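Here is a quick tour for anyone meeting this structure for the first time. Keep the picture open as you read.

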Amino acid sequence: QVQLVESGGGVVQAGGSLRLSCAASGRTFSSYAMGWFRQAPGKEREFVAAIRWSGSSTYHVDAVKGRFTISGDNAKTTAYLQMNSLKPEDTAVYYCAYGPTTSPYYSSYDYWGQGTQVTVSS
């Protein structure tokens with residue numbers, strides 16, 4: 001079993017920056033991926049970005065390219081989501097996910113964090 005611990009959520013003003021962290025622990029494997037999703041009230045869960053440790057492949061949806069960046073630490077146990085130029089429409093609960101490979105589909109991931117609220121005020 002894999003446990004995901006998220007941190008970094010909070011309230012930020014429009015145009016500001018925020019950095020989310022997701023630390024994986026437990027029975028992890030040598031080849032896996034971690035991703036970020038978000039869900040606003042009344043909307044479906046939306047893929048944001050993902051990183052695969054083997055090969056360091058990353059993927060970002062067009063809506064956040066140039067503003068958000070996913071990265072990992074050297075130990076390959078923590079994923080980060082650096083969010084710049086935040087907009088009110090970025091307000092959502094952000095979830096960290098763990099799975100076998102990068103994927104934009106939430107069903108591809110096996111483990112999930114509890115979610116952290118990100119609120120962008122105007």
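## A hairpin to start with

β7 and β8 run antiparallel to each other and pair over five bridges. This is a predicted model, so treat the details below as computed. Within the pairing, T69 sits opposite Q82 of β8.

The two strands, β7 and β8, make a hairpin with five residues between them. In that turn, K76 has a positive phi of about 60 degrees.

## The sheet around it

Zoom out a little and you'll find an open sheet of four strands, ordered β1-β3-β8-β7, with antiparallel pairing. Since β1 and β7 are at the edges and have a single partner strand each, one side of each is left without a neighbour in the sheet. On average, neighbouring strands in this sheet are turned by 15 degrees against each other, ignoring direction.

Over at the β1 end, β1 and β3 pair in the antiparallel sense, this time over six bridges. Here E6 has C22 in β3 as its bridge partner.

## What's in the core

Which residues touch the most other members of the largest nonpolar core? They are M34, W36, L81, M83 and Y94, out of 34 residues in that core. Strands supplying at least two residues each include β1 (2–7), β3 (18–26), β7 (68–72) and β8 (78–83), and also β4 (33–39) and β9 (92–99).

M83 is worth a closer look. Leaving aside residues up to four places away in sequence, M83 touches G16, S17, L18, L20, R67, F68, Y94 and V118.

Conventions
Residues are numbered from 1 along each chain as its sequence is written. This is a predicted model: local features need pLDDT of at least 70, side-chain atom pairs count only at pLDDT 80 or more; totals for chains, interfaces and linings use all residues. Side-chain values use heavy atoms; hydrogens and water are left out. A nonpolar core is a set of buried Ala, Val, Leu, Ile, Met, Phe, Trp, Tyr and Cys residues joined through side-chain atoms within 4.5 Å. Buried means under 20% relative accessible area, exposed over 50%, partly exposed in between (1.4 Å probe, protein chains only). Contact means heavy atoms within 4.5 Å. Two strands pair if DSSP finds at least two bridges between them. Axes are lines fitted to C-alpha atoms, for helices over the stretch in contact, and angles run from 0 to 180 degrees between N-to-C directions.
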